[in-house]
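Good morning, colleagues. I would like to take a few minutes to go through the backbone geometry and the main pocket of the structure on the screen.

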Amino acid sequence: MAGAAPRHRRAVLVTAAVTTAALCMSAAGCDSESPSILSDHTEVAAKSDQPGTSFSPHDGEYTGFDITVVGTLMNMLGYETPRFSGVLSKNRAKLLHDGDVQLVAATFSITPDRMATKEEGGDDLDFVGPYASTQQGFLIREADRSIRTLADLNGKIVCVWKGTTSANELAKPAYDKIVKRTEEDAGYCVKALKDKEVDAVSTDQLILYGFAEANASLRVVDGIKFGEPNDYGIAMAKGHREDCLRLRDKLQQYVRQASSWERDFQNSLPAVPKETRDEAKPTEDEIMALSCVDRPGDSPAG
């Protein structure tokens with residue numbers, strides 16, 4: 001898909017946010033604020049099995065772009081680097097609402113359902129982001145030359161995992177000729193691919209490039225991008241709008257700085273092609289449109 005499409009799609013949201021931004025400046029907080037969740041002891045849930053984005057090579061040690069971004073923003077606010085613990089994709093919202101962690105930074109896509117209030121049937125989450133955006137793609141074995149287009153996947157077994165936008169996308173009728181295998185999380189799918197139990201793994205391209213960098217026997221199919229862009233955000237349970245806004249402001253500052261975002265992204269995900277990297281970087285207006293709101297483009301006052 002053309003790189004321009006994701007930017008056009010988000011431009012609609014950006015326009016709405018910029019138009020309404022002035023309203024939130026004068027509005028008294030519509031949220032009932034709980035005590036701050038930001039401190040030197042903030043706990044963050046992250047993925048443990050996604051090299052390049054969120055990975056734990058040893059107990060208690062986490063690396064990757066998700067980890068760098070949330071750690072940098074907390075440091076910019078004057079706090080210690082947070083403590084991290086692992087989370088499955090399907091449990092990200094639950095951990096926040098149970099109070100087990102205060103933030104989630106785990107390639108968590110910002111969607112209307114996730115940001116909608118509980119009364120509206122949503123997951124009741126606020127997001128700070130996007131800090132990166134990506135379309136979906138496919139990871140295959142390096143030696144496989146049979147898959148070049150989406151049509152080549154018809155009849156093939158593709159692995160996805162629970163609780164992801166990728167699993168939801170491939171469940172659509174447009175992809176009904178693809179045989180889906182659903183696992184608990186990313187690591188299971190990658191193992192199944194290496195063991196030749198499946199023909200491909202599908203999820204966000206940034207995640208796939210991280211797996212390809214860590215596994216020389218695997219590669220991303222360069223010619224396939226599909227689905228709407230996934231905009232990654234740092235998630236928290238609603239009710240902490242002031243904390244959300246503080247993190248949002250620091251994210252905008254981080255993106256604005258001449259080379260900080262580019263340096264950290266390149267260090268974490270060196271295999272990502274430049275065109276894809278350029279598409280992944282958010283603008284400040286995009287961050288304003290999706291951060292700390294109940295619906296895309298709302299004012300942060302809700």
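Please bear in mind throughout that this is a predicted model. I begin with the loop between α4, residues 112-115, and β7, since Asp 124 is found there. Asp 124 has a positive phi of about 65 degrees, although it is not a glycine. Is Asp 124 buried or exposed? With a relative accessible area of 15%, Asp 124 falls under the 20% cut-off and is therefore buried.

Strand β7 covers residues 125-141, and Pro 130 lies within it. The peptide bond between Gly 129 and Pro 130 is cis, with omega at about 10 degrees.

A further positive phi, near 60 degrees, belongs to Cys 292, again a residue other than glycine. Cys 292 sits in the segment after α11, residues 284-290, and it is buried, with a relative accessible area of 0%.

I turn now to the largest pocket. Its volume is about 540 Å³. The lining comprises 26 residues, and those nearest the centre are Ile 110, Thr 111, Pro 112, Thr 165 and Asn 230. By character, the lining residues divide into 8 nonpolar, 8 polar and 10 charged.

Which elements supply at least two residues each to this lining? They are α1 (4-26), α3 (92-98), α4, α5 (165-170) and β12 (226-237). Strand β12 gives the most, with 4 residues.

Finally, where does the largest pocket lie with respect to the domains? Domain 1 (43-134 + 230-290) and domain 2 (136-227) both give residues to the lining, so the pocket lies between them.

Conventions: Residues are numbered from 1 along each chain as its sequence is written. This is a predicted model: local features need pLDDT of at least 70, side-chain atom pairs count only at pLDDT 80 or more; totals for chains, interfaces and linings use all residues. Side-chain values use heavy atoms; hydrogens and water are left out. Buried means under 20% relative accessible area, exposed over 50%, partly exposed in between (1.4 Å probe, protein chains only). On a 1 Å grid over the protein atoms alone, a cavity is a set of points where a 1.4 Å probe fits but cannot get out, and a pocket is an open set with protein on both sides within 12 Å along at least five of seven lines; lining residues have an atom within 4 Å of a point. Grid points are joined across faces, edges and corners, and a volume is the space filled by probe spheres set on the points. Ala, Val, Leu, Ile, Met, Phe, Trp, Tyr, Cys and Pro count as nonpolar, Asp, Glu, Lys and Arg as charged, and the others, Gly among them, as polar. Domain bounds come from an automatic or database domain assignment.
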